[in-house]
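Please look over this model before reading on. The report below starts with contacts along the chain, then turns to folding elements, the core and some backbone details.

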Amino acid sequence: MRKLLFSLFICLPLAGWSQVGEYRTDFAVGVNGGYMMSSVSFVPDVPQKQLGGMTGGITLRYTCEKYFKSICAIVAEVNLAQTGWKENILDLNNQPVYYVADAGKTQPLYYERHMNYVQVPLMARLGWGRERRGFQAFIQLGPQLGFFLNERTRTNLMPGQGTQTQRSSTVVEQDSMAVEKKFDYGIVGGIGLEFSRPKLGHFIVEARYYYGLGDIYHNSKRDVFGRSNFGQIVIKATYLFDLIRTKNDKIK
């Protein structure tokens, strides 16, 4: 996977230079926003649910050629993303764990780690359909870099507090560990649909998945976790308007 990531970084810039189809020089910019569902793949395992958060930023797209029926482009984004993980705290019978609060009231245990990142994906894009008037389906794939900003914890876990039942997972070190690796990287890919009009711009909806190749914690044999990488599902919408457009009346 690391070799694939390196190859994508090398090959993506070359895509704009190797034109063998119908020439294009379309450049569009705009904004994007959406909803992200995140988790962290821990080894040893930590039971989790998806943690929801927002993501949004700016999008740049350069369309370089149409090869047969495939519209080829490079897409870059700079996004602010709310990610992290949400623990699924269960007992030995796969039921929620409760603790006894004040006045004898019981409350389920919960733990969430919220982290903010700047994410920079760079993707190769292939589309099929209309470029300027109508609908176009597309896929895109490429590397993504992430830069840690800050984190916060939302929980009702308290040191020394008793529970009604025993937790099924004994892996709890992550609850008190701050992020150790501030740089993240991985592979992102997505599929989507675009609607375009000459005077209105481009309206895009997309589903995307990110698989992290880096870890948020150190992973040597002396460390707690052998792996702690992100998995993220993103549903987003994007609006683009053209700054540069190829002069060709035959482009539909």
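In this predicted model, 76% of the protein's contacts between residues at least 6 apart in sequence join residues at least 24 apart. V31 gives an example of such a pairing across the chain. Its C-alpha atom is separated by 4.4 Å from that of I58, a residue 27 places away along the chain. V31 also touches G57, T59, A237, T238 and Y239, besides I58 itself, when residues up to four places away in sequence are not counted. V31 has its place in strand β1, which covers residues 22-43.

**Elements and surface**

The protein has one helix and eleven strands. The helix comes at the N-terminal start of the order, and the strands follow it. Of the 252 residues, 43% count as buried. The accessible surface comes to about 13600 Å². Carbon and sulfur atoms account for 60% of that surface.

**The core**

In soluble globular proteins, nonpolar side chains tend to be buried together. Here, the largest nonpolar core has 23 residues. W85, M115 and I216 are the residues with the most contacts inside it. Strands β1, β4 (70-87) and β7 (111-129) are the elements that give two or more residues to this core. The largest share comes from β7, with four residues.

What does M115 contact, leaving aside its neighbours within four places in sequence? Its partners include W85 and I216. A81, Q82, T83 and G84 are also in contact with M115. So are F148, N150, E151, V179 and F230.

**Backbone details**

Two loop residues deserve a look. The table lists a backbone angle for each.

| Site | Angle | Loop |
|---|---|---|
| V43 to P44 peptide bond | omega near 5° | P44: between β1 and β2 (48-49) |
| N94 | phi near 60° | N94: between β4 and β5 (98-100) |

The peptide bond from V43 to P44 is cis. P44 itself sits in the loop between β1 and β2. For N94, the phi value is positive, and the residue is other than glycine.

Is N94 buried or exposed? Its relative accessible area is 57%. The cut-off for exposed is over 50%, so N94 counts as exposed. This residue lies in the loop between β4 and β5.

Note on methods. Residues are numbered from 1 along each chain as its sequence is written. This is a predicted model: local features need pLDDT of at least 70, side-chain atom pairs count only at pLDDT 80 or more; totals for chains, interfaces and linings use all residues. Side-chain values use heavy atoms; hydrogens and water are left out. Buried means under 20% relative accessible area, exposed over 50%, partly exposed in between (1.4 Å probe, protein chains only). Contact means heavy atoms within 4.5 Å. Accessible areas come from the Shrake-Rupley method with a 1.4 Å probe; for residues, only the protein chains shown count as cover. A nonpolar core is a set of buried Ala, Val, Leu, Ile, Met, Phe, Trp, Tyr and Cys residues joined through side-chain atoms within 4.5 Å.
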